[in-house]
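Reader: I should like to study this structure with you by asking about it one part at a time. May we begin?

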Amino acid sequence: MLNLDFHPTGRHFLQIPGPSPVPERVLRAMSLPTIDHRGPEFGALGLKLLSGIQTIFKTQHPVMIYPASGTGAWEAALVNTLSPGDHIVMFETGHFASLWAKMAARLGLSTEFLAGAESDEQLPHAPSWRHGVQADLIEARLRQDSQHRIKAVCVVHNETSTGVTSDILAVRRAIDAAKHPALLMVDSISGLACADYRHDEWGVDVTISGSQKGLMLPPGISFNALSPRAIDAMKSAKLPRAFWAWDEIIEMNKTGYWPYTPNTNLLYGLSEALEMIQAEGLPQVFARHQRWAAGVRAAVTAWGLPIQCADPKLYSPVLTGVITPVGVDADAVRRLIHQRFDMSLGTGLGKLKGRMFRIGHLGDSNDLTLLATLAGVEMGLKLSGVKLAGSGLPAAMDYFSSHPAASLKQSS
Ligand SMILES: *Cc1c(COP(=O)(O)O)cnc(C)c1O
């Protein structure tokens, strides 16, 4: 039996790719008293947040903020823009793309799940899902659709189950090259505020995101960033919607309020997180995550273990998937690390169950917490009998010490 009264000393290492560790400053902001969500103070907060969040998505258009997890915002994107039986194309990058496709089917949409080649000569026993979205396959599929039956293309920007990113601009260009009117919907639930993202410039119609990944908040709020074409599509879309309906929210948001009780204390946290991200600067935030990811990969490479992402151009700045040797249950390694060293690592999801684990490098982290994370992983792998080519810790230490953070270079 788990003794819930027992708390180990020190901080638990929450090294899963979301929920990410929440900065103290955000937690403190959230502990302030809840205010009247119809009062004057709230309206001012609402307006500040609604314009602040636009700078993170890089959009001039409305952003919906829902008191729901990311899954709710997935549903909101679909039901506001589509009608029963509409045909949509999705791309199988991993477990989250699969869950979104399953949801679309449950909502009565006709879903087509494109997948790239899975074969991997370099690693014969490799698990699946090691690549990103193939824009050329999307373009070829859209070109076949001369009747424009396909109403939307849905892709995941940072596939959190694998640690593979996808080139969203390439998908936009594929849709344009095929001269196809399909809407482009992008799940950047874990990519936003970690990896470069440009809603307007990349011509995305709906971007879906969540609070508990790059935004460094607890779970509980999620987002839809819209385009004028998405708002147009809403006017003729026939899927049933009430709570998720954009029209009432857009109207009330004009004065900083919502049609229902918003998640007041999480919004205090969002206000704080936006200030932190804006003070650091988005380019620095992205560089910081790239640097952490490179340091973690230096350790994994020194161990001699394969990285789940097979394409170095698409390495995720958010997390790194580590494939365990054939016969080593990655979940057993995770359990041992949790028991011995009080650290949580991400499990292998769906098709990847037992074959890999995920190291999150996002949220309230720094070089030393990541080195401690890698020390825990290295000890856990050794205790599990995994033969390592070498120690990963010195490799990560070398990387971090020879690559000072961009913010330090600027201020020196
Ligand atoms: C976390 C995540 C989700 C699911 O979000 P919830 O907040 O768990 O509902 C969906 N897609 C991606 C890419 C994610 O990382």
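Author: The model is predicted. Pro-19 is placed in the loop that runs between strand 1 (13–15) and helix 1 (24–30), and the peptide bond leading into Pro-19 comes from Gly-18. With an omega near -10°, that bond is cis.

Reader: Is Trp-129 buried or exposed?

Author: Trp-129 sits in the loop between strand 4 (110–114) and helix 5 (135–144). Its phi is near 60°, a positive value in a residue other than glycine. The relative accessible area of Trp-129 is 4%, and the limit for a buried residue is under 20%. Trp-129 is therefore buried.

Reader: Which class of accessibility does His-148 fall into?

Author: His-148 belongs to the loop between helix 5 and strand 5 (150–156), and its phi is a positive value near 60°. Its relative accessibility is 31%, whereas buried means under 20% and exposed means over 50%. The value falls in between, so His-148 is partly exposed.

Reader: How much space lies in the largest cavity?

Author: Rolling a probe the size of a water molecule over the atoms shows where empty space is left. The structure holds three cavities of 30 Å³ or more. The space in the largest cavity is about 90 Å³.

Reader: How do the residues lining the largest cavity divide into nonpolar, polar and charged?

Author: The lining includes Phe-91, Glu-92 and Thr-93, and also Ala-115, Gly-116, Ala-117 and Glu-118. Trp-129, Arg-130, His-131, Gly-132 and Gln-134 also line this cavity. By class, the residues are four nonpolar, five polar and three charged.

Reader: Which helix gives the largest share of the lining of the second largest cavity?

Author: The second largest cavity has about 40 Å³ of space. Its lining is made up of Ala-193, Gly-214, Met-216, Ile-277, Val-285, Arg-288, His-289 and Gly-363, which divide into four nonpolar, three polar and one charged. The largest share, three residues, comes from helix 10 (residues 282–303).

Reader: Where does the second largest cavity lie with respect to the domains?

Author: Domain 1 covers 13–20 + 281–402, and domain 2 covers 24–279. Both domains give residues to the lining, so the second largest cavity lies between domain 1 and domain 2.

Reader: Which residues are the closest to the ligand?

Author: The ligand is surrounded by 13 residues. The closest of them are Ser-69, Thr-71, Thr-160, Asp-187 and Lys-213.

Reader: How far is the side chain of Asp-187 from a nitrogen atom of the ligand?

Author: Some polar atoms of the protein lie by oxygen atoms of the ligand: a backbone N or O atom of Gly-70 is 2.8 Å from one, and a polar side-chain atom of Thr-71 is 2.5 Å from one. For Asp-187, the partner is a nitrogen atom of the ligand. The distance from that nitrogen to an N or O atom in the side chain of Asp-187 is 2.7 Å.

Reader: Which residue has its backbone oxygen 3.1 Å from a polar atom of the side chain of Ser-365?

Author: Ser-365 lies in the loop between strand 13 (356–360) and helix 12 (367–383). At 13% relative accessibility, Ser-365 counts as buried, because the limit is under 20%. A polar atom of its side chain lies 3.1 Å from the backbone oxygen of Leu-362.

Methods: Residues numbered from 1 in each chain as written. Predicted model: local features only at pLDDT ≥ 70, side-chain atom pairs only at ≥ 80, totals over all residues. Heavy atoms only, no water. Helix = DSSP H or I, 4+ residues; strand = E, 2+ residues; numbered from the N terminus. Buried < 20%, exposed > 50% of the residue type's maximum accessible area, 1.4 Å probe, protein only. 1 Å grid on protein atoms, 1.4 Å probe; cavity = no way out; pocket = protein on both sides within 12 Å on 5 of 7 lines; lining within 4 Å. Points joined across faces, edges and corners; volume = space filled by probe spheres on them. Nonpolar A, V, L, I, M, F, W, Y, C, P; charged D, E, K, R; others polar. Domains from an automatic or database assignment. Near = heavy atom within 4 Å. Polar contact = N/O pair within 3.5 Å; in protein donor to acceptor, adjacent residues only side chain to side chain.
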